[in-house]
Structure formats: structure tokens, C-alpha cells
Amino acid sequence: MRFDMFKSFPTIILVFAEGKDRKVIHTAREAAQLLLKEWPTDDGEEFLTAVRICLEVLTGESEPEKLHEAIVRAAYEAGIAAITTDNSLGIFRIYPVSEAR
């Protein structure tokens, strides 16, 4: 099995801890690093889905756009603000921090 670590998708800027920490990701490799080593929680349905889709993208079984969507959903679940490009609208979107913590 050959891994493609550099599968890219539209850039996502994640803003952690009240704006004190930011991460920029745009490849499957960066997503894997962030999800497995730096994500603030290691549970949650959306988080686990993002990890699974990341592996699928790395192994060529899924498209990078699905990973992009999964990371944004996992960020919302974890209360992390996500700034990204909405391809369908061609504009930047800011996904708010979840109210539930």
C-alpha cells in the first residue's frame, strides 16, 4: 500500500484557545499530524470520522474534499473555530465555535 501524504484540499485555518493558537492545514499529512498529535480531544463522533477519512485519503480510498469537510465538522464538535474557503460559493467561510462544551 502506498501512502500519498501530500493530497491537498482548500486551506483550513483552525483557531484554538481563544485565538492564542492557530494551525493551518492543507494536506492530508498536516491533517494526520494535527488530528493524531495536537487535537484537543480524542473522542467524539466527528473526530473519529475525520481520522478515518484522513486514513482513507492517505491510502487513496477517498477524496481530499471529504477530509476537508470532516475536519471542519470535527472542529465545530470540539469548539474550534475554522476559517476556510467554501468551494461551492467561492468565498471564505468562518465556522463558529460550538456553544456546547
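From the N terminus on, the elements of the protein chain follow the order β-β-α-α-α-β-β. The model described here is a predicted one. In total, the protein chain holds three helices and four strands. It has 101 residues, of which 38% count as buried. Of the contacts with a separation of 6 or more, 46% are made by residues 24 or more positions apart. The paragraphs below begin with the strands, turn to the core and the helices, and end with a loop.

Strand S1 covers residues 8–16, and isoleucine 12 lies in this strand. Is isoleucine 12 buried or exposed? Its relative accessibility is 0%, and because buried means under 20%, isoleucine 12 counts as buried. In sequence, isoleucine 12 and isoleucine 83 are 71 residues apart, yet their C-alpha atoms are separated by 5.7 Å. When neighbours within four places in sequence are left aside, the residues in contact with isoleucine 12 are Lys23, Val24, Ile25, His68, Ile71, Val72, Ala82, Ile83 and Thr84.

The next residue to consider is isoleucine 13, which is also found in strand S1. With a relative accessible area of 28%, isoleucine 13 is partly exposed. Apart from neighbours within four places in sequence, isoleucine 13 is in contact with Lys23, Val24, Ala81, Ala82 and Ile83. The C-alpha atoms of isoleucine 13 and threonine 85 are separated by 9.8 Å, although the two residues are 72 residues apart along the chain.

Threonine 84, one of the contacts of isoleucine 12, has its place in strand S3, which spans residues 81–86. Threonine 84 is buried, and its relative accessible area is 0%. What do the polar atoms of this side chain lie beside? One polar atom of the threonine 84 side chain lies 2.9 Å from the backbone oxygen of threonine 11. In addition, the side chains of threonine 84 and histidine 68 are joined by a polar contact of 2.6 Å.

Strand S2 comprises residues 21–27 and includes threonine 27. Threonine 27 has a relative accessibility of 9% and therefore counts as buried. Beyond its neighbours within four places in sequence, threonine 27 is in contact with Met5, Phe6, Lys7, Ser8 and Phe9.

Attention now turns to the core. The largest nonpolar core has 25 residues, and those that touch the most other members are Ile12, Leu14, Trp39, Cys54, Leu67 and Ile71. Which elements give two or more residues to this core? They are S1, helix H1 (28–38), helix H2 (45–58) and helix H3 (64–78). Isoleucine 71 offers a detailed view of these surroundings. Not counting residues up to four places away in sequence, isoleucine 71 touches Phe9, Ile12, Leu14, Ile25, Ala31, Trp39 and Ala50.

The helices can be considered in pairs. Two packed helices are described by the angle between their axes and by the distance between the axes. For H2 and H3, the axes come within 8 Å and cross at roughly 160 degrees. Because an angle over 145 degrees counts as roughly antiparallel, H2 is roughly antiparallel to H3. The crossing of these two helices, H2 and H3, is left-handed. On the side of H2, the contact is made by Glu45, Glu46, Phe47, Thr49, Ala50, Ile53, Cys54 and Val57. On the side of H3, the contact is made by Pro64, Lys66, Leu67, Ala70, Ile71, Arg73, Ala74 and Glu77.

H1 and H2 form another pair, with axes that come within 10 Å and cross at roughly 145 degrees. The crossing in which H1 passes H2 is left-handed. H1 contributes Ala28, Arg29, Ala31, Ala32, Leu35 and Leu36 to the contact, while H2 contributes Phe47, Ala50, Val51, Cys54, Val57 and Leu58. Phe47, Ala50, Cys54 and Val57 of H2 thus appear in the contact with H1 and also in the contact with H3.

Finally, the loop between S1 and S2 contains glutamate 18. Is glutamate 18 buried or exposed? Its relative accessible area is 77%, and since exposed means over 50%, glutamate 18 is exposed. Glutamate 18 and isoleucine 80 are 62 residues apart in sequence, and their C-alpha atoms are 8.9 Å apart in space.

Technical notes: Residues numbered from 1 in each chain as written. Predicted model: local features only at pLDDT ≥ 70, side-chain atom pairs only at ≥ 80, totals over all residues. Heavy atoms only, no water. Buried < 20%, exposed > 50% of the residue type's maximum accessible area, 1.4 Å probe, protein only. Polar contact = N/O pair within 3.5 Å; in protein donor to acceptor, adjacent residues only side chain to side chain. Contact = heavy atoms within 4.5 Å. Core = buried A, V, L, I, M, F, W, Y, C linked by side-chain atoms within 4.5 Å. Axes fitted to C-alpha atoms, helices over the stretch in contact; angles between N-to-C directions. Parallel < 35°, antiparallel > 145°, perpendicular 65-115°, else oblique. Left-handed = near helix turned anticlockwise from the far one by under 90°.
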